[in-house]
Amino acid sequence: MKHFKSWISLVFILGFPIKMLFAQAPEPPIPIEIMPSSDQLYFQMVVKKQFAPTSQFNFFTVTTFTANYQNDMRKSSVLIPAQIQYEFGKKGFGVMAGGEMNSVIGFYPVFGPLHTYASKEFLAVTVATFYVNQEQDFKLFGLYEYKPVLSEKWTLYTRLQFIYNQSIREGDHNRSYLYLRAGLKKGPMIFGIGANLDQFGPDKQYRDSFGLFVRWELR
């Protein structure tokens, strides 16, 4: 009986590091962000969740809307992609399929390749989207973050985010933007300054907004 108890203790001692080795990696947070400016309010939410701890399938969306304070719908916009992604191995390459809804063209099915890289300091997401529509739209999306640690409590936060959407059949520009952020991170909260640079339509009507942003990472 004494030897049996010793073996049980040994199993638990050896099993602890094995359990830690194969423990589920922490899921990425769900960041929500608001940036008020002089004439509009910008909101963004990013969700990436695996279907199961060991699954190579995940759900991904970068939902954004811009609301004009005067409720001028011509100056407000909504963009909601909903993608099921499949990643090959551990290199970050994969494919996606799903749908996208926006306030200009409505809803269309989409598909395309993607690449994701994530570390403690860097995040890089690149998605090429082909639309199943008459215009044969194509969109390139990029989201890149750099977050170096400054001290025990503070981290620098920078982000470059863009899309470029164009009709392959007609050769016209549909929609593009460049969003820039720079600030500080403490715990789940990030705050700083931001710039939204937008272009709309074939004639690339330009619109910009600048302001302070607040971002909170939900877990």
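Does K185 count as buried, partly exposed or exposed: which of these fits its relative accessibility? Keep that one in mind while we take a walk through the model, which is a predicted one.

**Stop 1: the whole chain**

Start with everything in view and colour by secondary structure. You should find one helix and 12 strands. Follow the chain from the N terminus and the helix comes up before the run of strands. Of the 219 residues, 37% count as buried. Switch on a surface if you like: the protein exposes about 13,400 Å², and carbon and sulfur atoms supply 68% of that area. Among contacts between residues at least 6 apart in sequence, 40% join residues at least 24 apart.

**Stop 2: K185 and E217**

Now select K185 and E217 and show their side chains. They form a salt bridge, with the closest N and O atoms 3.7 Å apart. K185 sits in strand β10 (residues 173-186) and E217 in strand β12, so this pair links distant parts of the chain, 32 residues apart. Back to the opening question: K185 has 18% relative accessibility, and because buried means under 20%, K185 counts as buried. Its partner E217, at 11%, counts as buried too.

**Stop 3: E33 and R215**

Stay on strand β12, which covers residues 205-218, and pick R215. Then add E33 to the selection. Their side chains meet in a salt bridge, 3.5 Å from N to O. E33 belongs to strand β1 (residues 30-36), so the pair ties together parts that are 182 residues apart in sequence. How buried are these two? E33 has 1% relative accessibility and counts as buried, and R215, at 5%, also counts as buried.

Next, widen the selection to E33, E145, K147, R159, R181 and R215. Salt bridges that share partners join these residues into one network.

**Stop 4: K48 and E87**

For the last pair, select K48 and E87. Here is another salt bridge, and its closest N and O atoms are 2.8 Å apart. K48 lies in strand β2 (residues 40-50) and E87 in strand β4 (residues 77-87), so the bridge ties together parts that are 39 residues apart in sequence. Check the accessibility of each end: K48, at 21%, counts as partly exposed, whereas E87, at 17%, counts as buried.

**Before you close the viewer**

How many salt bridges are there in total? The count comes to nine. You have visited some of them, including K185 with E217, E33 with R215 and K48 with E87.

Methods
Residues numbered from 1 in each chain as written. Predicted model: local features only at pLDDT ≥ 70, side-chain atom pairs only at ≥ 80, totals over all residues. Heavy atoms only, no water. Salt bridge = Lys/Arg side-chain N within 4 Å of Asp/Glu carboxyl O. Helix = DSSP H or I, 4+ residues; strand = E, 2+ residues; numbered from the N terminus. Buried < 20%, exposed > 50% of the residue type's maximum accessible area, 1.4 Å probe, protein only. Contact = heavy atoms within 4.5 Å. Areas by Shrake-Rupley, 256 points an atom, 1.4 Å probe, with all protein chains shown as cover.
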